[in-house]
Amino acid sequence: MSNHRPNYAPGRYAHIVGWGMEAPTRTLTNDDLAQMVDTSDEWIRERTGISERRIADAGDSPITLGLRAARKALASADMLPDELDLIVVATSSPVYLFPATACVIQDKLGAGHAGAFDVMAACTGFIYALGIAAAQIKIGAIDTALVIGTETLSRIVDWSDRGTCILFGDGAGAFILRESDAPGGVLEVVMHSDGSGGNLLYAPSGIRSQWDAPEAIPVNARMNGAEVFRFATHVMASATREVVERAGLRLEDIDWVVPHQANLRIIQSAMGRLKLPEERVVINISRYGNTSTASIPMAVVEAVESGQIGPDNRLVLVGFGGGLTWGAAIIEWEVTPKRPAPVRELMREAGYILAAIRSFLRRLWRFLEALILRER
Ligand code: UT7
């Protein structure tokens, strides 16, 4: 770990003031999977802790799921899209290499003042995105940010590979971050990588790897499960320890650990290394499987909405993924959910309709401008 400490502006903190999640309604159970590949409900539950996962509708994508999670997060923060300075989206299953998923969501929200870009750090992407957004706020570059983790992994899963297809699911989660002078919020974030393990967990982009390669490699997720398992248990424990130490705290000071929901056995083994009892760990893997960048925010949102996580709680979010990447964030959760003012609720809804009209008019204007300029 480097000794470099960021130069944050004094008295500036990045608080999480809004949150939202989107889970597709369609459920794929282990028994459904047993009709597709040689597996069983018993095997999947014993080896992974997963009972079912959600599968996006035909018309859905990381854009639509992320957009719906973002709208819920804005409503819970009672903010208007116009107030956003930055949108960072983490996704491992983007529809486009570019434009960034964040840009498409920026347009659909009508977040006219926000910069927008994507982060690709596989399942650790949400931690990375949160770290970047919080640091931007703490150095005083921006005041607000929307951070989204969103996936339709069902589109990159090889449904004939029983070693991977049983694990993954679709969903999205979003946080709104806002500057405050009250101590708390995102206290510390650690990010790590080891590219030498890139071959253990990867998905080709669909682009030919060489100029004269006969064809592109299919866009399926590939994995060495046993190796990833070993790596994961180790780094989930080490990153948790590291981020807690960085914040000048001890593990006993942590109320909740929210780990990346990849495999229940990985979570149990990592928490066992830390001697953290399961009662202090947020786990929802049985219902959603591994939703990559969405898994941590979805678990946080569910735990906040069920009253598990409450004001004054200290949380560690910890994840790992392809890259290899891993990281953790420590957060003081101090905000009670706001009751959105009905007028602002109306303004937000009207704003989304206006955003669609504005986007259409901008495209039309670009088209007309090109016509006029060509004629000259
Ligand atoms: O976001 C990060 C993404 N990735 C992960 O977190 C994955 C981490 N790894 C894992 O979760 C586990 O390694 C798996 C769940 C993927 C596999 O569990 P495992 O306990 O490590 O099983 P294994 O790969 O050692 O395989 C044991 C046996 C093998 O059969 P043989 O060779 O012993 O006869 C596999 O062929 O289980 C077999 N197997 C299955 N059997 C029934 C593998 N997948 C399945 C399956 N159903 N779906």
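The buried residues of helix 4 are a convenient place to start, and they comprise Thr101, Ala102, Val104, Ile105, Gln106, Asp107 and Leu109, where buried means that 20 or more other C-beta atoms, placed from the backbone, lie within 10 Å of the residue's own. Because seven of its nine residues are buried, helix 4 is largely enclosed by the rest of the structure. Helices here are DSSP runs of H or I with at least four residues, strands are runs of E with at least two, and both are numbered from the N terminus. The model is predicted, so local features are reported only at pLDDT of at least 70 and side-chain atom pairs only at pLDDT 80 or more, whereas totals for chains, interfaces and linings use all residues. Residues are numbered from 1 along each chain as its sequence is written.

Helix 4 is followed by Gly110, which has a positive phi near 75°. Helix 4 (residues 101-109) also meets helix 3 (residues 62-77), their axes coming within 10 Å and crossing at roughly 50°; the axes are lines fitted to C-alpha atoms over the stretch in contact, and angles run from 0 to 180 degrees between N-to-C directions. Helix 3 and helix 4 are therefore oblique to each other, a word for what remains once angles under 35 degrees are called roughly parallel, over 145 roughly antiparallel and 65 to 115 roughly perpendicular. Helix 3 passes helix 4 in a right-handed crossing, that is, with the near helix turned clockwise from the far one by less than a right angle.

A second helix pair is formed by helix 7 and helix 8 (residues 264-274), which pack at an angle of about 45° with their axes 8 Å apart. This angle makes helix 7 oblique to helix 8, and helix 7 passes helix 8 in a right-handed crossing.

Helix 7 leads on to the ligand, which is surrounded by 20 residues, the closest being Thr39, Arg162, Gly225, Ala262 and Asn263; a residue counts as near when its C-beta atom, placed from the backbone, lies within 6 Å. The elements that give two or more residues to this shell are helix 2 (41-48), helix 6 (162-165) and helix 7 (225-246), and helix 7 gives the most, with five residues. By class, the shell has eleven nonpolar, seven polar and two charged residues, with Ala, Val, Leu, Ile, Met, Phe, Trp, Tyr, Cys and Pro counted as nonpolar, Asp, Glu, Lys and Arg as charged, and the others, Gly among them, as polar.

Turning to the strands, four of them form an open sheet of mixed pairing in the order 8-13-12-11, two strands being paired if DSSP finds at least two bridges between them. Strand 8 and strand 11 (256-259) are the edge strands, each pairing on one side only, and the twist averages 15° from one strand to the next.

Within this sheet, strand 13 (residues 325-333) is largely enclosed by the rest of the structure, because nine of its nine residues are buried. Thr325, Gly327, Ala329, Ile331 and Trp333 point one way from strand 13, while Trp326, Ala328, Ile330 and Glu332 point the other way. Strand 13 pairs with strand 8 (residues 185-193) in the antiparallel sense over eight bridges, with Gly185 opposite Glu332 and Val186 having Ile331 as its bridge partner. Strand 12 (residues 313-321) also runs antiparallel to strand 13, joined to it by nine bridges, and Gly321 stands opposite Thr325. In the hairpin of strand 12 and strand 13, three residues lie between the strands, and Gly323 takes a positive phi near 145°.

Note on methods:
Buried ≥ 20, exposed ≤ 12 C-beta atoms within 10 Å, placed from the backbone.
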